[in-house]
Structures are given as C-alpha cells and as structure tokens.
Amino acid sequence: MKVLPLAKGLVLACAAVMLSGAAGRAQEWQTSSSLMGESKYGQDFKHYDYVNPDAPKGGTLNSVATGTFDSFNPYIVKGTPAAGFSPFGGGLLYETLMEQATDEPSVSHALIADAYKYPDDFSSATYRIDSRARWHDGKPITAEDVVWSFQVLKANSPLYSRYYDNVTEAVAVDDHTVEFKFDQKGNRELPKILGDLAVLPKHWWEGTDASGKKRDITQPTLEPPLGSAAYRIKSFKAGAEIVWERVDDYWGKSLPVKVGRENFDMRRYVYFQDDNAQWQAFTKGGYQDIRPENRAKKWATEYNFPAFDAGDVAKATYPTESGEPMQGFVLNTRKPQFQDRRVREALTWAFDFESMNRTLFYGLYTRTDSYFEGGELASSGLPQGKELEILNQYKDKLPPELFSQEFKLPVYDTPKANRDNLRRSFDLLKEAGWVSKGGKLINEKTGEPFRIEFLGSDPSDERIAGPYMDNLRRLGIEATLRVVDTSQYIARYQSFDFDVVTTVLAQSQSPGNEQRDFWSTKAADTPGSRNVSGIKDPVVDALVERVIFATDREDLLAATHALDRVLLWGFYVVPQWHNPELWIAHWNKFGVPEKQPAYVGVDTDSWWVDAEKEKALAAKYRSVN
C-alpha cells in the first residue's frame, strides 16, 4: 500500500540524548553537531569519506513518481507537492540550516549555518549564517529569512509545528545570527534539531507574481518558487512531469556535505498511475534509471527482461545500519470497532506472516516486532532495571501481561498453530462483545456487523491485503479493500478517513521531539500528523516526554524501551515485515563510488553519469535519455 514520503533520503528525526561534551562545549561555535558522541570527522570536516571528490558533473537522472501533483508548496496540508519537494527539510529546492549526515546517526554538518552554539542548560540555541549563502537570484540569505521561515513553518506545517513545539521564538541578533529561545530547559536535542529548519526566501514569498498578485505561503501554487539549493525547476507539465536543473553558480557547491555529490545536470520525474506502469517503464529505459525495489517477487523472479539479460541493467544489495522501520497495518482507533484493545490484539493474532513470506516473498523478509527494530532501542524480554522503574509509575494503567509476559507475535508454522491462532483471535473478539451469527461477526449490543475497509492506492495492494482479509473473513468479519487514486489516498490518509492503511514509520537511532508527532494525544486530532492510528493515551504522552527529556544515553534507552513496549502491548499496528538490506536496480550509465555509507545503505547523490555509458545506452535503447 501507499507509503507517504517523509524526508529527503533520510529519516525524519533526531533525538534526545547527551550531546558529546555538552557542558564543556556549550557556548562554543560548532560546525558539526552530534547526539551520540563526536562525529568521526571532528570539527574539521572536509568531505564524506565515501565520495569521489572529483566526480564529474553532467547527464540526466530519470525518475518516476506516482499519481499526480498540483503544488510547489510542500509545507501545508493542502495540495499534492511535486516530486523533488519534501514536507520536512528542503527537498531539491531549499537548503536547511544544517544537513543530516548520511554516514553517521544523529550527526549534522554545516549548510546555511556555518556553526551553532547553545548554553549549558539547553534553554536556547544560536545559529550563525554562512556569509556566502545566497538565493538563486543572488541575494544573501539573512537572519530575517530564518526568523520568517521559522514563524511560517511553525504556523502552517504540521510536521514543523510539533517538532519545534518547545521553541517559542526566533530572534535576529544581527544579519547573520539567529537565536532560538525555548520554553523548557534540559531538552538536549532541541539545539541540534533546529538545524533541520528549511529556510525560505521571505522577499520572494512576500512579493508578487508575474500578474501582480501577492503570493501566499499558506496556499498551494504552481509558480516555481525561488530557492537556494543545488537545483531549481527548469520545466514542468502540471500533474505529469517536472524537470529540475543543477544551478551552475550554486553557492554551496564547495561545502563539505556537497563535495562529490549532487552531480546530475538534470533530474527528471515522470508520473505514472501505478507501480505496474512504472515497472514497465523501467524495463524499457529512459524513465527510471535507479529503482529501489520493495517487492520480493519482482526481485526474485522478474529481473529477466532483455536489458537485464544484456547486462544493461544491474542489481545490487546494500546493508544498512540505521535500523528498520515499523511497517504494518495501522488500525484507526478513531473508529469505534478498533477502540477496544482486545479487538486490536485479536486482529494481530489473525495475521499469518509465515505463509505470506513462504508463498509470496520467497522467504526474503523478516518479521518486525518493534517500533525501533534492529538495534539497542528495541525492547525485548521482560522489563527490568530503569525501564521497569519507569513503567512501574503507570502500572495501574497498563495491561498486567506487559510486566509478566515477553511480547511475542503469533507464528503460523503448522496447521495446528494456524487453528490455534485463529481460535485465540476469535476468543478475544468474543471477550470484547462480538458474537458469531449466521457466519457473521455481530456486536452483541448494537447488532452491527464487524466491517473493515482497507484503503489502498494501487491494484497490487490486493496481493498484500488479500491473505489477511481471507483470515478475517474466516472469523466472520466483512473485510474489503478499496483502491483509490493517489490524490484521494493522500487526502484520506492525511484526514484519517480510513479503517486500515499500511504505513511505514522510520525511526532514528536517537528518538526525541518527533515522537510527539507519532504518538501524542494532540497529534491524534491534527490532520497531516503521523499519529495515524489516533493514539490518545496519557501513559504514552508521558513516555514521549520522558524520551524527549532523557538525561543521557542510558536514560534514553530505558525510556525508549518503555515506550516501545507500551505501544506494542497497545496493538495499534499489526506489524508486517522488513527487508534487512536495500535492493537497488539501475541502468548501467553511472559511476559509483567503491564505498557507500552503511548508515543509510546507499547515497545515490554520490553517483554520477558516465557520459560514454549514457551515450551507448541512448544509441541502443532509443527511449533512453
């Protein structure tokens, strides 16, 4: 099912842990920031150690997108932004104050801001703007732009509003210095994550368009905005195609985070209505040069088309160290049928991962059983130590089994297990007041049948939802799948107009302020938030704050384990699976550095077009650009 993009190639979020040498380095200007110890590059960062600093510039990167677009303003709920824009961060057009590292967790390096500092009590942060920073019209980026961007993004962007909930004010100290003031002390990640602020051109957005109409940052627009990053819009066909061009005199090309990266002269996105059309376009060439593959069947059996057999398309796998996302069927607790925890647990018992992995996925996937999968942040076993101390504060508000049983998902590995799991599911539904009448599951109080509608955006969603719906029907539940176009899907997803959707929620190795957007009561009622399941639980709210105000790494681990455990035992999501490595297929037109960053797996911005290879492919496959 449709997964909504969150950020430009990186996980959205950093985290609340002890900044390395925080007390000793407070009030010192820092060109790199880290939440998990000093960056391996120190404060004298030249360029990433995996890039080719002499990578040639040129060529076109062809990509595909799904559905359509009607806006170049990604920071509001209205409209569907075009490919290349991002609701968090700067996308291809705007730069942020600092840039999240591709090869280290919870590290950021200088971008628009060449340095930052903060006091010992973490009550504020000050960013210093690089005097070289320029908009594409040549005007300097100023503190006034940063202050204005903070104000409009916090007022209009659901993501930024919650991310910077504790930032009360941005003040221009002078033309190149901005101080951000906080309403609380001790939020150790807050000084750093202000580096994720996208900076927008105040003079452009407050100006007028070619017709003399005043621009409005609160509304969608198809007027190409002024930017500051390495790319700008060259051309577009509304809803169908957008082409970005590299800015030759881009001010930041020599910055350490940019050396050897952003090498393509053109970045072209063509829109298709579904994944099957995109796949056909990829196999023919000229529409999608790099394809991240997320379908096991395709990876295992369908890379046998002529261009692949001829060696003109290659497959590669890349391991990652950044943890795995929680992908699953999200149960919308705003709907009455999902408000009883026993019902949500019953629906979890009805999901047969093992049969799907065997028959559909060629055994290539691994079951996900944590919201912080693949690292030390994931809860395990029974709660103990500091985690247990935290959870004991809320013992009377939590299910008793959370303290006495290890969280385990059902396993469908034998016919007996299949029967036992469905029986367990049925018993839980019965306990919650649902009874079987004439083969249908009925609410014994209201007489209403149990109905679940899965929302999807592609006909292939039937392949994933179908086996699960079959098991639900065996229980007497009326389970259906509704497939809508991408625009409808996004609108319904953002307004929480669904029973069940599949979502992918990625976490960083240092969770913090972003957890409010994932789980808080306030976010549950905010359209566009990532509290997709609608969780409203005072215990979860308290644990989120406990994570944010963790005092050190050990404290953060304990608080995150507690949060993870409470979420799992709340059964808000029926966990699906993850792939422990990245699958990338690409046309053989690229130069690729020998090393790729293990943290994110692959950084395609470090690739470059080999002109001779591109020319040869263009001659062989006329559609290749």
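Good morning. I begin with Asn263, which lies in the loop between β10 and β11. Please bear in mind throughout that this is a predicted model.

Is Asn263 buried or exposed? Its relative accessibility is 0%, so Asn263 counts as buried. The side chain of Asn263 reaches out to the backbone oxygen of Trp607, at a distance of 2.9 Å. If we set aside the neighbours within four places in sequence, the residues in contact with Asn263 include Ala55, Pro56, Lys57 and Gly58. Tyr231 and Arg246 are also among its contacts, as are Asp605, Ser606, Trp607 and Trp608.

I now turn to charged residues. Side chains of opposite charge can pair when their charged atoms come close. How many salt bridges does the model hold? The count comes to 49, and I shall present three of them individually.

The loop that holds Asn263, between β10 and β11, also holds Arg261. The side chain of Arg261 meets that of Glu99 in a salt bridge, with 3.3 Å from N to O. Glu99 belongs to strand β3, and the pair links parts of the chain that are 162 residues apart. Both partners are buried: Glu99 has a relative accessibility of 12%, and Arg261 has a relative accessible area of 5%.

The second example joins Lys40 and Asp103, whose side chains form a salt bridge at 3.3 Å, again N to O. This pair, too, links distant parts of the chain, with the two positions 63 residues apart. Lys40 sits in the loop between β1 (32–34) and β2 (60–66), while Asp103 sits in the loop between β3 (98–100) and β4 (107–110). Lys40 is partly exposed, at a relative accessible area of 47%, whereas Asp103 counts as buried because its relative accessibility is 11%, under the 20% cut-off.

In the third example, the side chains of Lys408 and Glu406 meet in a salt bridge at 3.5 Å, N to O. Here Lys408 is exposed, with a relative accessible area of 58%, and Glu406 counts as partly exposed at 40%.

Which residues do salt bridges with shared partners join into one network? They are Glu95, Glu99, Lys258, Arg261, Glu262, Arg267, Asp603 and Asp605. The Glu99 and Arg261 pair described earlier therefore belongs to this network, and one of its other members, Asp605, is a residue in contact with Asn263, where this presentation began.

Thank you for your attention.

Terms used. Residues numbered from 1 in each chain as written. Predicted model: local features only at pLDDT ≥ 70, side-chain atom pairs only at ≥ 80, totals over all residues. Heavy atoms only, no water. Salt bridge = Lys/Arg side-chain N within 4 Å of Asp/Glu carboxyl O. Helix = DSSP H or I, 4+ residues; strand = E, 2+ residues; numbered from the N terminus. Buried < 20%, exposed > 50% of the residue type's maximum accessible area, 1.4 Å probe, protein only. Polar contact = N/O pair within 3.5 Å; in protein donor to acceptor, adjacent residues only side chain to side chain. Contact = heavy atoms within 4.5 Å.
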